[in-house]
Amino acid sequence: MQRQGSCLLSWLTVGLVWMVSGCRPEVPDTPVTAGAARVVAHLEQSPAEVERVSVTLSAAGLEPRTLELARGEGEWSGTMEGIPAGNARAFLAEAFGTGGAKLLVGQTPDVTIVAGQTARVDITLRPLLGPPPPRPPEVVSATSSADRATPSGTLTLRVEARDPQGSALGFTWSASLGTLGTPVEGASASEVTWKAPSCVSAGQTPSITVTVRNALGLSTSRAFTFAGLPECPRLAPGSWSAIAGLSWGRESFSATLLPSGGVLVIGGVATPLAARMAEVYEPSLGVSRLTGGLSERRVGHTATVLPSGQVLVAGGGTASAELYDPATGTSTPTGSMSGPRSSHTATLLPSGQVLVVGGWNGPTLATAELYEPATGTWRPTRPPLKSHGSHTATLLPSGQVLVAGGDTTAAELYEPATDTWSLVGSLHLSRMGHVAVLLPSGQVWVAGGLRGDEPGASSEIFDPATGTWSAAGEERDGIAAVVLPSGKVLVLLEWERGAEVYDPATRSWAPTGPMVRPRYRASMTLLPSGEALVLGGDNDQAIAELYDPATNTWRSPASATLNRTAHTATLLPSGKVLVAGGGSPAGAVATAELFDPATNAWSTTGGMATPRREHTATLLPSGKVLVVGGAATGEPLRSAELYDPATGTWSPAADLETGISASLTPAAVLLRSGKVLLVAGALAALYDPGANTWAPTGGLLADHQTPTATLLPSGKVLVVGGAPSATAELYDPTTGTWSAAASPGQERKRHTATLLPSGQVLVAGGSPVDTAQLYEPATDTWSAAGKLPLPPRSSATATLLRSGKVLLVGGDEGEGGRWSNLYDPATHTWSASEDIGGQRAYHTATLLPSGQVLVVGGYAEGWALGMLYTP
């Protein structure tokens, strides 16, 4: 026992003494079978909400063990002891947030534990992955029938798609330009036709977009873009254009398709001035722009486009001819024919020469002559074998010209190569003013015109191969005809019968949709788009109509109810113009319409509850329009109405209270407070839009009938003139009182007043004054602003342009009513008068966001289409 204790002491005190002395402690003879793991967890993301991280050991045959790790600098760690040695030990680490929500997870699946050793185990924790998020539809293919667009051509677009989730798909198509057809859809595909515009603005590229949407609300879009379209014509600065039709109603005029796609309209039965003015209807813009005048008035003339692009205008009750240049809008004289002609024909030959045949100069003529563009001269050809007037002349594929009818049944062929004529089979009926068109077969179809009214009369076909005529189905009173791209013939019928389509293959007729307006002696032109344009027809008919063969329907961008006077026109926040009320041949109207400058087209909107003319219209801060007063008969109205552009409807506003005068032509102005000041005779009232109430606001110092009211930069309102007053007054909204302003010294009624950028007010015209004056608010003084050209100008309009100049339009007294003039404040001068296309008075003029001026209605000659002025 003593020896054992000595050994033990030696071991405890000297360390390795037992190795030297040969004695050692006695320990159990048991092998070591376990190890440890130092686990270090790295968080790929370190959300602030992580509160704890645990690690779980698992392996085959072992009970799972869990260890909570401690947070360290940038990591979580801990040591798990007593792990049985062996392979395939898996460690799963999990990070938890508030409320025990599992945020991140990571694992190391194959760790070897060595007995008696500590293994290091690094685990990266990544955000917990849930179910994959839903995915949007995928476009499998997107195709079009062509890579480039053609003017007014039609393309077919198709898209196929799939949904990763297998849900149902929906397709939506939109186009930045052009017109989309009705889409044809399947479960996974959609197809649509797109009709390209005839032209585009500078820098524009048409884009058609399809959006594919699945049942989860996710979508994918694919866009088609197309080049190849020409740039649209631009309106020249300082020019006037008629919106959606001609500047004047015309009949017996010429309409000629120009290489640009516009239609040149010349002469005809109209006012003397209008018959000399030319205009070009631009289908792409929906306007007809006035161009330079001709050398003389022409009716029953011809207009032929030469290879140079110029237009040869010949005859029309005269022997003279002139060349019209579409590029400049000017005309210059050229050689004269051998004698006066009207209702003749002019045919451009393959040689570039122009063959003129027959016509009237008293009796029908049996003469023909050729125009040589290179020399600008005429020479006679061998005369036709028969006289012809109001006939037709058709250029055949052979280069020969078929001349048919014209107060005769005779038909003959002219051969340019030999300068000879030969008779071909006679028409079955004597015809004048008929129509003749060259069919795709090379045959010529003839119908209508003045003829012997025989029962069962039929149209006729000429076959150049046999030189004979044959019956071609029922007859129609056609006044114009064009061959459609389908090979069928669209025939415009006389007066109220509209139009029909003739099918040469079946020799049968089919009606078209109803036309917008009946026509008489109108023109019809086939456009490059395949549509047919109808212009004119009777002096009182100016609106244009377009026929679409694809839908067999007619449309017009013009309004059928816009012939109105003493109405109002209000520019809305949307950029559209609200035209409301006014007088018509049947009396005051309650109708209202909207003009869209983006498309130069009109649309109807809700009508007022009460017909009225000579009322006021004021745009309120809310975007609504307040209409007040006016009259339906001779008695002034006290009612007021509100138009809401959001709904296109009208609602009653408070009536003017008893004691507040409602003169026939009041004046209204929007004050800075948002209230509306109404000046009516000798009294004034304020409308409060918030309370929908009227309140008197003091009496004027004098009676003002048909005055003007102008809001000055100071916030005060200047009221000028109005019979029987020759005075001016100032209204102060802060005190609600009136005070005298310097007198202009002369009585004016139905004049204009325009606030200039300088703060001065230009007062112009008015009955019976022929001068203009400037009011200077700073000094309360008046000065002369020149004498008006073509005075006096009562019921004209004055519009401040962006340039600072003032555009004066129309008036109902003297010659000034059909002209416009510009006032330049810098020089205090008025420009020379420019024709606006017709007499205008009691019209409206509205400055559009584009800087153009829209002139609507008024007393005009014939149908009063809107006019567009481009500064």
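Which strand is Ala845 found in? Keep that one in mind while we look at the whole chain, and remember that this is a predicted model.

Let's start with the overall build. The protein chain has 76 strands and three helices, so strands are what you'll be tracing for most of the walk, by the DSSP assignment used here. Its radius of gyration is 44 Å, whereas a compact globule of 871 residues would come out near 29 Å. Along the principal axes, the C-alpha atoms fill a box of roughly 165 × 90 × 50 Å. Half the chain is tucked away: 50% of the 871 residues count as buried. About 37100 Å² is exposed, and carbon and sulfur atoms supply 54% of that area. Among contacts with a separation of 6 or more, 49% join residues 24 or more positions apart. As for charge, there are 55 positive and 71 negative ones, and their mean positions sit 3 Å apart.

Now for the inside. The largest nonpolar core has 30 residues, and the members touching the most others are Ile243, Leu533, Leu535, Phe595, Trp602 and Leu854. Four strands each supply at least two residues of this core: S19 (263–266), S45 (532–535), S49 (577–580) and S75 (853–856). Zoom in on Phe595 and, leaving out residues up to four places away in sequence, you'll find it touching Ile243, Trp602 and Leu854, along with Lys576, Val577, Asn600, Ala601 and Leu848. Apart from this core lies another, of 23 residues, including Ala41, Val50, Met80 and Ala95.

Back to the opening question: Ala845 is found in strand S74, which covers residues 844–847. Beyond its neighbours up to four places away in sequence, Ala845 touches Thr797, Thr799, Val853, Leu854 and Val855. Leu854 is a name you've just met, as one of the best-connected members of the largest core. Is Ala845 itself buried or exposed? Neither, quite: Ala845 counts as partly exposed because its relative accessibility is 23%, and buried would mean under 20%. For a sense of distance, the C-alpha atoms of Ala845 and Ser758 are 22 Å apart, with their positions 87 residues apart along the chain.

Gly629 makes a nice contrasting stop. This glycine is found in the loop between strand S55 (625–628) and strand S56 (640–644). Despite the loop address, Gly629 is buried, as its relative accessible area is 3%. Setting aside neighbours within four places in sequence, Gly629 is in contact with Arg612, His615, Leu637 and Ser639. Its C-alpha atom is separated by 9.7 Å from that of Ala667, 38 residues apart along the chain.

Definitions and conventions. Residues numbered from 1 in each chain as written. Predicted model: local features only at pLDDT ≥ 70, side-chain atom pairs only at ≥ 80, totals over all residues. Heavy atoms only, no water. Buried < 20%, exposed > 50% of the residue type's maximum accessible area, 1.4 Å probe, protein only. Contact = heavy atoms within 4.5 Å. Rg over C-alpha atoms; globule rule 2.2 N^0.38 Å. Areas by Shrake-Rupley, 256 points an atom, 1.4 Å probe, with all protein chains shown as cover. Lys, Arg positive; Asp, Glu negative; His and termini not counted. Charge placed at Lys NZ, Arg CZ, Asp CG, Glu CD. Core = buried A, V, L, I, M, F, W, Y, C linked by side-chain atoms within 4.5 Å.
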